[in-house]
Amino acid sequence: MEMAEVGGTPGGGVHRLALSDEDRAARDLFCGWCDGAGLTTSVDRLGNTFARRPGADDDLPPVLLGSHLDSQPSGGRFDGALGVLAALEVIETLNEAGLATLRPLEVVNWTNEEGSRFPPAMVCSGAFAGVFELEYALGRSDAAGRTIGEELDRIGYAGPAPVGGRPIAAALELHIEQGPILEEAGTTIGVVAGVQGMRWYDVRIEGEATHAGPVPLRRRRDPLRGAARVIDRLFASALESDEEARLTVGEFALRPGSRNTVPARVDFSVDLRHPDDVALEALDGRLRLLVDEVSREMGLDGRVEQIWHSPTVRFASECVRAVGDAAAALGYPQMSLFSGAGHDSVYLQRICPTGMVFVPCAGGVSHAEAESVDPADAEAGANVLLHAVLRLAGRA
Ligand SMILES: [Zn+2]
């Protein structure tokens, strides 16, 4: 709750965009708490922050546990923050119990997980995992043209540590589910099997701007009609596909954007997701076909640009087992599920065995001020994280 005050909104949510002043304040608070827990904090060139507790054999690669402290523009208190602070709670619990682990532990706060200010999402954990070049990540810019590199310098979190390139034994992340499945099932712990595949697109349809009065409808090349037709048919295909398909058009812009002018151009975003890569590929094909087809039907120019593709991820069996066994040993009801949202763990799985623990959130709501978690569920999630970490890091 103290962290939620940093960037806290009147509606009970959080506005803590990556590398904003609020993000700096959250980082300062987090690092202070890490110091208090006796951890040694290092910051890499992308501001990813690692707070380390030595292992009994400190030369072994560490187990990472954590998530992110940045939020959506009108985000909730728990998305990301729960995972970082539960990781710190795990360390404090080990300290209080006087328990050492064989491997070192590192509590991590990843920079710009949300990608809301600097698209794409998870770009800094991606760079850590070698998916993106450092220069690419530093050069991502916000709507005002400020880059990740500039903003890291401004808030004082461009650290000296190199980005990635070191062995990691395993990574674990506790997160709210962000969907309704656990709550509907009355289950406390989600043992995350993997993360569904995602594709992001920018779609542009161009026609001809003209006066809203004198020009008859049949003479117009109206890109809005084309966009509406593409979107409606694409939703019909996604609904026919199967229960798992997800389609979202979250951004939509008309140019020039005048009440009495037929637009010249429409730009919109498309977000497609599916746990099965073959089904996702089929939806990708459908989108491209529809834009071509409708452009031809209506005399428009349409194009589709894929700006991001994250294939389906399956987490390492040893981590999935560690989470499931920990929940079972603690007596919490559990179920296996796929994540509908992207997480830093998607990229971590490329370089080390990775797993996630989900806890329910009220009504499945997230990326919203109303986001809420039952404290008993947060506690259960932290306990599962602790016991899964002990399984992966080994007791000294
Ligand atoms: Zn998150």
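**Exercise 1. The zinc site**

Is Asp79 buried or exposed? Work that out, then describe the zinc site that Asp79 belongs to.

*Solution.* Keep in mind that this is a predicted model.

Step 1. Asp79 has a relative accessible area of 6%. Buried means under 20%, so Asp79 is buried.

Step 2. Now look at the metal. The zinc ion takes its protein donors from His68 (NE2), Asp79 (OD) and His175 (NE2), and these lie 2.0 to 2.2 Å away from it.

Step 3. Check the spacing along the sequence: the donor residues follow the pattern H-x10-D-x95-H. His68 sits in strand 3 (residues 63–68), while Asp79 is in the loop between strand 3 and helix 2 (81–97), and the two are eleven residues apart.

Step 4. Do the burial check on His68 too. Its relative accessible area is 0%, so His68 is buried.

**Exercise 2. Strand 12 and its partners**

Find out which strands pair with strand 12, and say how enclosed strand 12 is.

*Solution.* Step 1. Start with strand 7 (residues 197–206). It pairs with strand 12 in the antiparallel sense, over ten bridges. One place to look is Glu206, whose bridge partner in strand 12 is Arg265.

Step 2. Go on to strand 10 (residues 252–255), which pairs with strand 12 in the antiparallel sense over four bridges. Here Arg255 stands opposite Arg265 of strand 12. So Arg265 turns up twice: as the bridge partner of Glu206 and opposite Arg255.

Step 3. Strand 9 (residues 246–248) is also antiparallel to strand 12, with three bridges. In this pairing Leu247 stands opposite Leu272.

Step 4. Finish with burial. Of the ten residues in strand 12 (residues 265–274), nine are buried, so the strand is largely enclosed by the rest of the structure.

**Exercise 3. Aromatic pairs**

How many aromatic pairs does the structure hold? Pick two of them and say what kind they are.

*Solution.* Step 1. The structure holds seven aromatic pairs.

Step 2. Take Phe132 and Tyr347. Their ring centres are 5.6 Å apart and their planes make an angle of 80°, an edge-to-face pair. Phe132 is in the loop between helix 3 (123–128) and helix 4 (134–139), and Tyr347 is in helix 10, so this pair ties together parts that are 215 residues apart in sequence. Both Phe132 and Tyr347 are buried.

Step 3. Now try Trp200 and Trp308. Their ring centres are 4.7 Å apart with the planes at 65°, so this pair is edge-to-face as well. Trp200 belongs to strand 7 and Trp308 to strand 13 (residues 301–310), so the pair ties together parts 108 residues apart in sequence. Trp308 has 6% relative accessibility and counts as buried.

Step 4. Look for a cluster, too: Phe50, Trp110 and Phe128 form one.

**Exercise 4. Backbone oddities**

Where are the cis peptide bonds from Pro119 to Pro120 and from Arg255 to Pro256 found, and which non-glycine residues have a positive phi?

*Solution.* Step 1. The bond from Pro119 to Pro120 is cis, with omega near 0°. Pro120 lies in the loop between strand 4 (105–110) and helix 3.

Step 2. The bond from Arg255 to Pro256 is cis too, again with omega near 0°. Pro256 is in the loop between strand 10 and strand 11 (261–262).

Step 3. For positive phi, go back to the loop between strand 4 and helix 3, which holds Asn112 and Met122. Asn112 has phi near 50°, and Met122 has a phi of about 55°.

Step 4. Check burial: Asn112 has 1% relative accessibility and counts as buried. Met122, at 1%, counts as buried too.

**Exercise 5. Gly342 and its contacts**

Which residues does Gly342 touch, leaving aside those up to four places away in sequence?

*Solution.* Step 1. Locate Gly342: it is in the loop between strand 15 (334–339) and helix 10 (344–348).

Step 2. List the contacts: Glu113, Met122, Val195, Met198 and Arg273. You have already met Met122, in the loop between strand 4 and helix 3.

Step 3. Gly342 has 14% relative accessibility, so it counts as buried.

**Exercise 6. Helix 11 from end to end**

What happens at the start of helix 11, along its length and just after it?

*Solution.* Step 1. At the start, a side-chain oxygen of Asp374 comes within 2.9 Å of the backbone nitrogen of Ala376.

Step 2. Helix 11 (residues 375–393) has 19 residues and spans 26 Å from first C-alpha to last, close to the expected 27 Å.

Step 3. Just after the helix, Gly394 has a positive phi of about 80°.

Terms used
Residues are numbered from 1 along each chain as its sequence is written. This is a predicted model: local features need pLDDT of at least 70, side-chain atom pairs count only at pLDDT 80 or more; totals for chains, interfaces and linings use all residues. Side-chain values use heavy atoms; hydrogens and water are left out. Donors are N, O and S atoms within 2.8 Å of the metal (3.2 Å for Na, K and Ca); water is not among the atoms, so sites may look incomplete. Buried means under 20% relative accessible area, exposed over 50%, partly exposed in between (1.4 Å probe, protein chains only). Two strands pair if DSSP finds at least two bridges between them. The expected span of a helix is 1.5 Å times one less than its number of residues. A polar contact is a pair of N or O atoms within 3.5 Å; within protein, one must be able to donate a hydrogen and the other to accept it, and residues adjacent in sequence count only if both atoms are side-chain atoms. Contact means heavy atoms within 4.5 Å. Rings of Phe, Tyr and Trp (its six-membered ring) pair if their centres lie within 6.5 Å; planes under 30 degrees apart count as stacked, over 60 as edge-to-face and the rest as tilted.
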